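Subject: Model for your files

Dear colleague,

Please find the structure below, with the sequence. My notes come after it.

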Amino acid sequence: MAILQAAVEQLALAAAAAPAQALSPETLVAPTWTLYMATGINALSGAAFAARRGFDFVGVIGLALAQGLGGLMLMSILLRLGIPFVLTDPVYILRALTAGLAGFFFAAQISQALRFALVIDALAMGLFVSIGAGSALLVALNPISAIFV
């Protein structure tokens, strides 16, 4: 029993000391353009929500950045992938900022198309879920844990 416990402890130490597998947008299950699209759609949805609620310019841009980039950053952190690639590739931040500006200035038109906005939000959520689960499976998480990433 002591030998088994020592082996388990040794495996746990080795797993903790092993560096995380480098994951870049190119190694994800989805093509890179889907990451860009999901980031833009989520940022637009967040910006439109904030503008409809009466947030000022900084609040709208802040919520657009948080909603557009937050999911991919959280995935990178949970999978211990180092610096999140949404921070190293300026296209993600520019997409979120552009969508935030569009959401601020065109919030009325976006809210009129509420059904369409709900469909787009659901599409973006589905993209992020598939990207997160696929990435978790790529770094050898078990399927149950991959669902939570």
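The notes below cover one helix, the main core, a pocket and two buried residues.

This is a predicted model, in which local features need pLDDT of at least 70 and side-chain atom pairs count only at pLDDT 80 or more, while totals for chains, interfaces and linings use all residues. Residues are numbered from 1 along each chain as its sequence is written, and side-chain values use heavy atoms, with hydrogens and water left out.

Helix α2 covers residues 32–52; helices here are DSSP runs of H or I with at least four residues, numbered from the N terminus. With 21 residues, α2 spans 31 Å from its first C-alpha to its last, close to the expected 30 Å (1.5 Å times one less than the number of residues). Just after α2, G54 has a positive phi of about 90°.

T39 lies in α2 and counts as buried because its relative accessibility is 0% (buried means under 20% relative accessible area, with a 1.4 Å probe and protein chains only). Not counting residues up to four places away in sequence, T39 touches G68, L69, L72, Y92, A96 and F128 (contact means heavy atoms within 4.5 Å).

The largest nonpolar core has 26 residues, and L35, L72, M75, L79, F85, V86 and Y92 have the most contacts inside it. Such a core is a set of buried Ala, Val, Leu, Ile, Met, Phe, Trp, Tyr and Cys residues joined through side-chain atoms within 4.5 Å. Two or more residues of this core come from each of α2, α3, α4 (85–88), α5 (90–105) and α7, and α2 gives the most, with seven. Leaving aside neighbours within four places in sequence, M75 is in contact with F85, I131, G132, S135 and V149.

G132 and V149 also appear in the largest pocket, where they lie nearest the centre together with G71, F128 and V129. A pocket is an open set of points on a 1 Å grid over the protein atoms alone, where a 1.4 Å probe fits, with protein on both sides within 12 Å along at least five of seven lines; lining residues have an atom within 4 Å of a point. The space in this pocket is about 200 Å³, taken as that filled by probe spheres set on the points, which are joined across faces, edges and corners. Its lining has 11 nonpolar, two polar and no charged residues (Gly counts as polar, Pro as nonpolar).

G103, in α5, is also buried, at 0% relative accessibility. Its C-alpha is separated by 8.3 Å from that of A64, 39 residues apart along the chain.

Regards

Technical notes. Buried means under 20% relative accessible area, exposed over 50%, partly exposed in between (1.4 Å probe, protein chains only).
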